[in-house]
Amino acid sequence: MNETLTLDAAAPIEAEGKITVLSVRQLMWMRFKRNRLAVIGAVMLTMFYLMALFAGFLAPYDPRTTHAEHPAAPPQLPRIVDQEGNFHWPPFVYATASKVDQKTFRRSYQPIGDTRYPLRFFAAAEPYRLFGLIPTDIHLFHVDEPAKVFLMGTDRNGRDMFSRVVYGAQVSLTVGLLGVTVSLIIGTLLGIVSGFLGGLFDNVTQRFIDILIVFPLIPLWLALATTIPPTWNSVQRFFAISLVLSLVTWGALARQVRGSVLALRETDYVQAARYANAGVWHIITRHLLPNTMSHVLVIATLAIPAMILGETALSFLGLGIQPPMTSWGLLLNEAQQTRVLLQQPWLLLPAVFVIVAIIAFNFIGDGIRDAADPFSK
Amino acid sequence: MSMSPTPESILEIRNLKKHFPITRGLLRKQVGVVKAVDGVFLSVPAGKTVGLVGESGCGKTTTGHCIMGGTPVTSGEIIFHHPQLGAMDLAKANSAQMSKARCAMQMVFQDPNSSLNPRMTIFDIVAEPLVVNQVARGSALRQRVEELLGLVGLRPEFMQRFPHAFSGGQRQRIVVARALALNPRLIIADEPVSALDVSVQAQILNLLQDLQQTLGLAYLFISHDLSVVEHISDSVAVMYVGKLVEFAPTQTIFHFPKHPYTQALLMSVPRPSPTAQPRAVLGGEVPSSVTPPPGCYFHPRCPFAVQQCAEIEPELIEVAPGHFVRCHLAHELKLEGVGSLDLSVSK
Amino acid sequence: MIKYIVTRTIAMIPTFLLLTVFGFLLIELPPGDYVTSYIRAQAAQGNTSAADQEASMRAQYGLDQPIVVRYGLWLSRFVRGDFGDSFEFRRPATEIIGSRLGVTLTISICAFLISWGIGIPLGIYSATHQYSRTDNFLTTVTFVGLGIPDFLLGLLLLVTVWMLTGEVLTGMNSSAYASAPWSVGKVLDFLKHLWIPVTAVVITGTAWIMRVMRGNLLDQLGRPYVTALRARGLPERVVIYKHAVRNALHPLVMSLGQTLAWLISGFTIISLVLDLPTVQSIYLRAMLQQDVYLGGTILILIGVLILIGTLLADILLAWLDPRIRLY
Amino acid sequence: MAESELLLEVRNLKTHFFAEEGIVRAVDGVDFTVARGKTLGVLGESGCGKSVTGFSILRLVQPPGRIVAGEILYHGLHGADNRALDLARCSPTSSQMQSIRGGEIAMIFQEARTSLDPVYTVGSQLIEAIKYHQSLRQEQAKAWGVEMLRRVGLPDPEATFNKYPHQLSGGMCQRVMIAIALSCQPKLLIADEPTTALDVTTEAQVLRLIKDLQEELGMSMIFITHNLGVVAEMADEIVVMYLGKVVEQTDVKALFEDARHPYTQALLRSVPQIGKKSGERLQTVPGSVPHPQNIPAGCPFHPRCPSRMPGLCDRKEPALLPLSGNRLVRCFLYDEDALKGANVHVANT
């Protein structure tokens, strides 16, 4: 075989490029990294999830602790310059006390005295369990009584909003993941089965998904959320809400998976595998799943923000997460009454977290979508 | 008609038909039928190459998939002479028999980009038939894959790379290596060089010929490129709208065609010679395989058509030993082959 | 074309039945029923005698029958146009829905027209100026717009207006006009309230439409026929507006089907937050109170609107796109 | 060739694509001329830049690609001073360029069906082009359109006029494309692989049609293809391209009888010819066309070249050399100065 030898001599010329030795996953990662917004989104989300993971450490107070002397306190940022204009480190706060205006019944907070209470970093305070396991009492920062540090103010019961937001992240950021996981399992399973089997099963599934996809999310979520028995405790409710979120969104995933399965089923490499006597299981696990996964990942990433929004909406209406558990939606629930909100606008701060999380997920989803098909360009 | 069964033939196809129903609406009411393959006769001798030519949509690829058991056959016989198990009719084979048959015959696809899973390494791709059929594992598997890659002229160092790292020609070599993994006797090559660059096409054609010589392979070489088919085939079958219209040894069919369509095809081929006669132009369009014309499917475009052609469908007849034609006028017509053309190209 | 419409309509019947089953199950699924929640509510007010009426109330509302029978009864009345009475308001469901339809449609149609009117031109601009500074800006705005839930936006607007003017623009009319007959003053007052929910809904809607339009148009601009049109010497505006934009609108036409239902189902939570007298807020209330016939009627109304919407969208698409007409 | 005979001159054209991954020099120094009424065949394999050359002439290259150097001199306009117009300096969106496209220079493409807008009838797309270049009223334009459809040999032109692209076969779509392209009687037709997607019998029909119409209208043509048979049939003059460069330009007869560049020679030897069955192995070009981002240094063909001269071909890039008989070749084998200077022994000619 003469020319094969010369071919080999020529082959290295084109095989030297860096791109040629990378796997599809590595190529995707390379392209993803180039998308600045996607990287920003990934960094923000990583920080959010770290915040949820280390909630007990970051939060200066237990989210359920009521500071009876400080109801509806506005946010109070630690200062580095005192009233005389002198610079201090570490940052400090003044102790405050509330005063109720006798005419308007509005409550306002004033510093008492000019004693500075510096922030103590890595200080021992209320005990908690890190990751829900390790008992400890070290917090990132704390101040000595009687001063308080309420970065985002308090609610009308005097609970620290910042601590509640940090703990709320645990629920709000996982409910979407849990919901998407359930969606993924239902969607991938049904998508592969109906794409692979075809026939009547596929037909009926598709008609059902047709309705499910076009049906507006919120009314359906509401209808499903009302079916959760009120007697369930907050943990059961958490899982029930995840299930509700996923029951409404698996359709789009199943449709996507089915679409790619139908397309892949006709590809020459699946045909070749079949002609090599490969069984259904082999074809699904070696050919269909790996090649649908990037599309599924895109859909899943883009479904999470919708779910976070769903949880927020349901909890906001009182149909979602129940106390003593807390979530961003539930925190916003207190801001629902306009009159309350007008007097305590800082109750809307959890919304900032919701919005940032949603945008971050959208950034990432967009980045993965652009990177998903490394051979498109 | 009867095609004399040659003892050394590895594949014989008799009156193969594959019809796809066209369904509409929710109730899947059948409103028509696509006669993708509608009467194909073929015989592939062991160790030889049979070319299958025709224009797009004529059913040549579907014929290939019928042989591989990729789609159930409507009627007809596909007799495969398995080296160990003897003759078996693949048109009626159950899945166990089909699995055994597939170990002795494999398919090579047209587009080397889509016939390799982008997420598998070359090793995984070539090893796949060996793994699923539990032929080899561990170091034996590795050795066999290295051997196969060497056979198609690829370096074993590339085994852990992914398909996108290779050029079109190299990918087609990988496809061939996978097809050879189970030691087949017959390869169905569906347009194996059509997607390749002109300068690479010859490499693959030579590779296929070398492999035929060293391994004694038989090829069913499906292509629309008549020059390539003439180069590689021992005999050629011509299809038109699902039907086999002519089947003969290569020299015969190219120099003494008996079917007007074969002649028209030969005359249409562009010749790399500026002094060649202008090519003859066949008028009209290929009819749809859902609503083919009555009688001989070719009669509306045929310059020799008579009344009979529009009414009666011609049968396949053997005009000379090994030369089959589906034409009413097969004995009367004097047709021209490629030899009649001025080909004053200096080599 | 007529045959196409007829077959498509007939094909909707099984889907409609599936929808009613679905709707009925959703209503029936919650533990307990209206009587349970009625008694609970009464008991909360200290009225314990309501518990004695439990059985008779169930009989009165037909709640003691097996579920299949109830579905049959409900469906047979449903197709005759009798949608049942609301337990809570003791009035026909249709009447309650009808009285709120005006405000609902005013908000949703305004929001729909504005968001499409802004979203499509901006989407076209973004796509034809891909990666320009304006495109990058618009894309970022789109992301933020998609990230903010509309009810939060409504709340923000409300707070902002209050901080600036001291007015609280909840509901659709100030208390002074609430029960007054329609007058110029009342219309102006209505408009003053209208813009908050409309703006909140428009921002999300515009972001979505802009995004879809940009993506579709970019996809179309990469097609060979666009190059071929340019090669023919057609001015860029003809290539874009007459050809590419028209092709790019097709996927949006498909989404028109959902829009019809969205008119009475979008901005559900904003309705509650801003205390708007819309169908959505009554739906929410009916779901919470297990007011079966009212909630169910609205849910199925949404479903029916989806079916009609998809049908209309399909017909529109068939009219726009010759490739679909064949079937 | 006399000046007045020239219709188009392309000089040192360079069109590069500035992708994120790096610069792709799709067209990297292309020179050729097109004579009035003649056909220039552009022959090359995938990735050689032949299509981009066509797009560059009509200024249809979209970002991230752009023309970075060179001239495209069009001599077809009857200006007052009779000077050529340099298309490379025209703005792609200018009205001048728009009147050139379709009016002076038309183009047809490989995928005819996808090159037609699916939602308009072929008739309305035909009229649209006519109306933009000629001031005709609707009825006149329609009559002309139907006449064009008749000329391209479509059966029942009136009925075809009201059909949509998806209702026509690939061959019929290509005829419609030709009708649209020729409806304004351009002086130059750029045909970018117009028959690659068609079957042989349809290909023969379409090529015959293009040739007949060319003769009838007396127009020039740039015929881009990778098929040696098709180019032999259609072209008067041929340029062979490899990796963005012209490697050889000559008339068609000389090319097939006496190709000079090793690439052209190898290409001609590697295709089987009909009616020439010999049972022998084909001669091959080793290796494959490199990726346009990995163009080898020196002569881009040297790694695959059977006559490569180490120390010369892999170091320096050959220039396009004029040889006798109006032909040009880009190869050191014909460059005596370079051979002497490098002092290498030519073993393989």
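**Exercise 1. Find the β-α-β unit in chain B and describe the strand that ends it.**

Step 1. Strand S7 (residues 186-190), helix H6 (residues 198-215) and strand S8, all of chain B, form a right-handed β-α-β unit. Right-handed here means that, with the strands pointing away from the viewer, the path from the first strand over the helix to the second runs clockwise. Helices (H or I, at least four residues) and strands (E, at least two) are DSSP runs, numbered from the N terminus.

Before going on, a word on the model and its labels. It is predicted, so local features need pLDDT of at least 70 and side-chain atom pairs count only at pLDDT 80 or more, while totals for chains, interfaces and linings use all residues. Residues are numbered from 1 along each chain as its sequence is written, chains are lettered from A and ligands numbered from 1 in the order in which they are written, and side-chain values use heavy atoms, with hydrogens and water left out.

Step 2. Look at the neighbours of S8(B). S7(B) pairs with S8(B) in the parallel sense over 5 bridges, with Ile187(B) opposite Tyr219(B). Strand S3 (residues 49-53) of chain B also pairs with S8(B) in the parallel sense, over 5 bridges, and there Val50(B) has Leu220(B) as its bridge partner. Two strands count as paired if DSSP finds at least two bridges between them.

Step 3. Check how covered S8(B) is. In strand S8 (residues 218-223) of chain B, 6 of 6 residues are buried (buried is under 20% relative accessible area, exposed over 50%, partly exposed in between, using a 1.4 Å probe and protein chains only). In a regular strand, side chains alternate between the two faces of the sheet. Ala218(B), Leu220(B) and Ile222(B) sit on one side of S8(B), Tyr219(B), Phe221(B) and Ser223(B) on the other, and both sets are buried.

**Exercise 2. Hold chains A and B against the globule rule.**

Step 1. Start with chain B, which has 10 helices and 12 strands. A compact globule of 347 residues would have a radius of gyration near 20 Å, and the 21 Å of chain B agrees. That radius is taken over C-alpha atoms, and the rule is 2.2 Å times the number of residues to the power 0.38. The C-alpha trace of chain B spans about 70 × 60 × 45 Å along its principal axes, and 58% of its 347 residues count as buried.

Step 2. Now chain A, with 13 helices and 7 strands. For 377 residues the rule gives a radius near 21 Å, but chain A has 27 Å. Its C-alpha atoms fill a box of roughly 95 × 55 × 35 Å along the principal axes, and 55% of its residues count as buried.

**Exercise 3. Track down some backbone oddities.**

Step 1. Recall the usual case: most residues other than glycine have a negative phi, and most peptide bonds are trans.

Step 2. Asn15(B) has a positive phi of about 50 degrees although it is not a glycine. Asn15(B) lies in strand S1 (residues 9-24) of chain B, and its relative accessible area of 33% makes it partly exposed.

Step 3. Val241(B), also not a glycine, has a positive phi of about 45 degrees. Val241(B) sits in the loop between strand S9 (235-240) and strand S10 (243-249) of chain B. At 4% relative accessible area, Val241(B) is buried.

Step 4. Over in chain D, the peptide bond from Pro63(D) to Pro64(D) is cis, with omega near 10 degrees. Pro64(D) is in the loop between helix H1 (50-57) and strand S4 (65-74) of chain D.

**Exercise 4. Describe the largest cavity.**

Step 1. A search of the whole structure turns up 9 cavities of 30 Å³ or more. On a 1 Å grid over the protein atoms alone, a cavity is a set of points where a 1.4 Å probe fits but cannot get out, and lining residues have an atom within 4 Å of a point.

Step 2. The largest cavity holds about 100 Å³. Volume means the space filled by probe spheres set on the points, with grid points joined across faces, edges and corners.

Step 3. Of its 14 lining residues, Arg232(C), Ala106(D), Met107(D), Ile180(D) and Ala181(D) lie nearest the centre of the largest cavity. H6(D) gives the largest share of the lining, 3 residues.

Note on methods
1 Å grid on protein atoms, 1.4 Å probe; cavity = no way out; pocket = protein on both sides within 12 Å on 5 of 7 lines; lining within 4 Å.
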